[in-house]
Amino acid sequence: MCYSKVPSEKMKKLRTNMHKGVDTVCDHLENNREDQVQSALIEIENQVSEDLLDVADAHLQSNNQESTPLLLKDQEELRSRIRCRHQEPSRSDLEIEDPVAQQPGETLWQKVSRWFHGMLHRLKETWQEMWAWVKEKMAAFCSAMKSVWNIIESFFSSVADLFSTSQASGAPQGLGVLQPHLVDL
């Protein structure tokens with residue numbers, strides 16, 4: 001069975017960057033630095049979005065080496081689509097993204113939990129945008145391949161019918177008799 005696999009070095013980079021980001025958030029939490037925690041969360045979100053795009057790029061390149069020049073255009077389209085739709089989050093995004101509103105007397109830890117949920121929500125939107133793009137690209141590819149198959153099927157069905165008709169009508173079996181009919185296919 002053949003299956004494609006995400007390049008492990010890109011997944012390792014994604015995991016490492018997520019862990020580093022959380023470590024940075026925790027360092028700032030120990031110092032009760034809310035502004036630095038927010039900055040670190042924004043950095044994590046931006047880095048994860050970029051890493052997500054890098055993983056997709058690496059996967060496309062490693063599984064489609066022969067068409068890499070064509071894929072570069074698609075990869076840039078995906079990157080610009082994601083970047084335009086999901087502009088860099090701001091501190092106010094951290095406050096409003098989570099459906100659970102800030103509670104009076106909320107601790108910094110509770111805020112950070114809420115901010116992580118908001119970040120996860122935005123990252124999920126990014127992933128969904130990528131997923132929609134892939135489905136769109138694959139739909140176009142599948143449609144093109146169906147068209148190719150329809151041409152092949154129509155051609156060889158017609159050829160088979162020509163042979164069948166020629167045989168049934170008792171026509172000579174030479175290729176010269178069939179060639180004028182093949183031109184129309």
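Is Glu106 buried or exposed? Glu106 counts as buried, because its relative accessibility is 15% and the cut-off for buried is under 20%. Keep that residue in mind while we walk through the rest; we'll come back to it. One thing to say up front: what you're looking at is a predicted model.

Let's start with the overall fold. The protein has 6 helices and 0 strands, so there's no sheet to look for, given that strands would show up as DSSP runs. Reading along the sequence, you get the pattern α-α-α-α-α-α. Of the 185 residues, 28% are buried. The exposed surface comes to about 12,600 Å², and carbon and sulfur atoms supply 58% of that. As for how the chain meets itself, take the contacts between residues at least 6 apart in sequence: 69% of them join residues at least 24 apart.

Now back to Glu106. You'll find it in the loop between α4 (91–96) and α5. Leaving out residues up to four places away in sequence, Glu106 touches Lys111 and Arg114. With Arg114 there is a polar contact, side chain to side chain, at 2.7 Å. The pair also counts as a salt bridge, again at 2.7 Å from N to O. Arg114 is buried too, with a relative accessible area of 3%. So both partners in this bridge are buried, Glu106 at 15% and Arg114 at 3%. Why would two such side chains pair up at all? In general, side chains of opposite charge can pair when their charged atoms come close.

The other neighbour, Lys111, has a salt bridge as well. Its side chain meets that of Glu34 at 3.1 Å, N to O. Glu34 sits in helix α2 (residues 34–63) and Lys111 in helix α5, so this pair ties together parts of the chain that are 77 residues apart in sequence. The two ends have different surroundings: Glu34 is partly exposed, with a relative accessible area of 28%, whereas Lys111 counts as buried at 12%.

Right beside Glu34 in the sequence there's another bridge to look at. Arg33 forms a salt bridge with Asp35, with the closest N and O atoms 3.6 Å apart. Here both residues are partly exposed, Arg33 at 35% relative accessibility and Asp35 at 37%. In total, the count comes to 6 salt bridges.

While you're in that stretch, have a look at Asn32. This residue lies in the loop between α1 (8–30) and α2. Its phi is near 50°, a positive value in a residue other than glycine. That's worth a second glance, because most residues other than glycine have a negative phi. Asn32 is also exposed, with a relative accessible area of 57%.

Next, move along helix α5 to Phe116. Which residues does Phe116 touch, not counting those up to four places away in sequence? The answer is Val22, Val25, Leu41 and Ile44. Phe116 and Glu45 are 71 residues apart in sequence, yet their C-alpha atoms are 9.4 Å apart in space. Even with those neighbours, Phe116 counts as partly exposed, at 26% relative accessibility.

Further along the chain, there's a nonpolar patch on the surface. It is formed by Val134, Met138, Phe141, Met145, Val148, Trp149, Ile152, Phe155 and Phe156, which together have about 830 Å² of accessible area. Val134 is found in helix α5 (residues 108–168). At 34% relative accessibility, Val134 counts as partly exposed; that fits the patch rule, because patch residues need over 30% relative accessible area.

Finally, the cysteines. How many disulfides does the model have? The count comes to 0. For reference, a disulfide is a covalent bond between the sulfur atoms of two cysteines. Cys26 is partly exposed, with a relative accessible area of 35%, and Cys142 is partly exposed at 40%.

Definitions and conventions: Residues are numbered from 1 along each chain as its sequence is written. This is a predicted model: local features need pLDDT of at least 70, side-chain atom pairs count only at pLDDT 80 or more; totals for chains, interfaces and linings use all residues. Side-chain values use heavy atoms; hydrogens and water are left out. Helices (H or I, at least four residues) and strands (E, at least two) are DSSP runs, numbered from the N terminus. Buried means under 20% relative accessible area, exposed over 50%, partly exposed in between (1.4 Å probe, protein chains only). Contact means heavy atoms within 4.5 Å. Accessible areas come from the Shrake-Rupley method with a 1.4 Å probe; for residues, only the protein chains shown count as cover. Patches are made of residues with over 30% relative accessible area and no salt bridge: like charges are joined within 9 Å, nonpolar side chains (Val, Leu, Ile, Met, Phe, Trp, Tyr) within 5 Å. A salt bridge is a side-chain nitrogen of Lys or Arg within 4 Å of a carboxyl oxygen of Asp or Glu. A polar contact is a pair of N or O atoms within 3.5 Å; within protein, one must be able to donate a hydrogen and the other to accept it, and residues adjacent in sequence count only if both atoms are side-chain atoms. A disulfide is a pair of cysteine sulfur atoms within 2.5 Å.
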